[in-house]
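Here is a friendly walk through one chain, going from its overall form down to single side chains. Have the viewer open as you read.

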Amino acid sequence: MIVTFWLFRDRFPPEWGGQFGLLGLMVVVGLPLTWATTKVLLAKAENRNEA
């Protein structure tokens, strides 16, 4: 995530907030995606332990 931010920080439109807009977008998209992925992986691991 840090590498993506570093590579695209200058290309993100200033009308959308520039670097801070990119960082905000990455947090808004990244946190729910990370949460959902973790939830699915933990559920799979729990199902394996029950079997």
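## Surface and overall form

The chain has an accessible surface of about 4,600 Å², and carbon and sulfur atoms account for 70% of that area. Please keep in mind that this is a predicted model. Of the 51 residues in the chain, 14% are buried.

As for secondary structure, the chain has two helices and zero strands. Its radius of gyration is 16 Å, whereas the globule rule gives 10 Å for 51 residues, so the chain is more spread out than a compact globule. Taken along the principal axes, the box filled by the C-alpha atoms is roughly 55 × 15 × 10 Å.

## The loop and its proline

Between α1 (2-8) and α2 runs a loop, and Pro 13 lies in it. Is Pro 13 buried, partly exposed or exposed? Its relative accessibility is 24%, and because buried means under 20% and exposed means over 50%, Pro 13 counts as partly exposed.

Pro 13 is also a handy starting point for a distance across the model. From its C-alpha to that of Leu 42 the distance in space is 37 Å, with the two residues 29 apart in sequence.

## Charges and rings

How many salt bridges does the count come to? The count is one salt bridge, and the partners are the side chains of Arg 9 and Asp 10, at 4.0 Å from N to O. Asp 10 is exposed, with 60% relative accessible area. Arg 9 has a further contact to look at: its charged end sits over the ring of Trp 6, 3.6 Å from the ring centre.

The count of aromatic pairs is one as well. This pair joins Phe 12 and Trp 16 in an edge-to-face arrangement, with 5.6 Å centre to centre and 70° between the planes. The pair counts as edge-to-face because its planes are over 60 degrees apart. What about the cover on each partner? Phe 12 is buried at 14% relative accessibility, while Trp 16 is exposed at 59%.

## Along helix α2

Helix α2 covers residues 18-50, and Leu 31 has its place there. Gly 21 lies in helix α2 too. Leu 31 has a relative accessible area of 56% and is therefore exposed. Gly 21 has a relative accessible area of 18%, so it is buried. If you would like to place the two in your viewer, they are 10 residues apart in sequence and 15 Å apart in space, C-alpha to C-alpha.

Leu 31 also belongs to a nonpolar patch on the surface. Which residues make up the patch together with Leu 31? They are Met 1, Leu 23 and Val 27, and the patch as a whole has about 380 Å² of accessible area. The exposure of Leu 31, at 56%, fits its place in the patch, because patches are made of residues with over 30% relative accessible area.

Definitions and conventions. Residues are numbered from 1 along each chain as its sequence is written. This is a predicted model: local features need pLDDT of at least 70, side-chain atom pairs count only at pLDDT 80 or more; totals for chains, interfaces and linings use all residues. Side-chain values use heavy atoms; hydrogens and water are left out. Patches are made of residues with over 30% relative accessible area and no salt bridge: like charges are joined within 9 Å, nonpolar side chains (Val, Leu, Ile, Met, Phe, Trp, Tyr) within 5 Å. Accessible areas come from the Shrake-Rupley method with a 1.4 Å probe; for residues, only the protein chains shown count as cover. Helices (H or I, at least four residues) and strands (E, at least two) are DSSP runs, numbered from the N terminus. Buried means under 20% relative accessible area, exposed over 50%, partly exposed in between (1.4 Å probe, protein chains only). Rings of Phe, Tyr and Trp (its six-membered ring) pair if their centres lie within 6.5 Å; planes under 30 degrees apart count as stacked, over 60 as edge-to-face and the rest as tilted. A charge sits over a ring if NZ of Lys or CZ of Arg is within 6 Å of the ring centre and within 35 degrees of the ring normal. The radius of gyration is taken over C-alpha atoms; the globule rule is 2.2 Å times the number of residues to the power 0.38.
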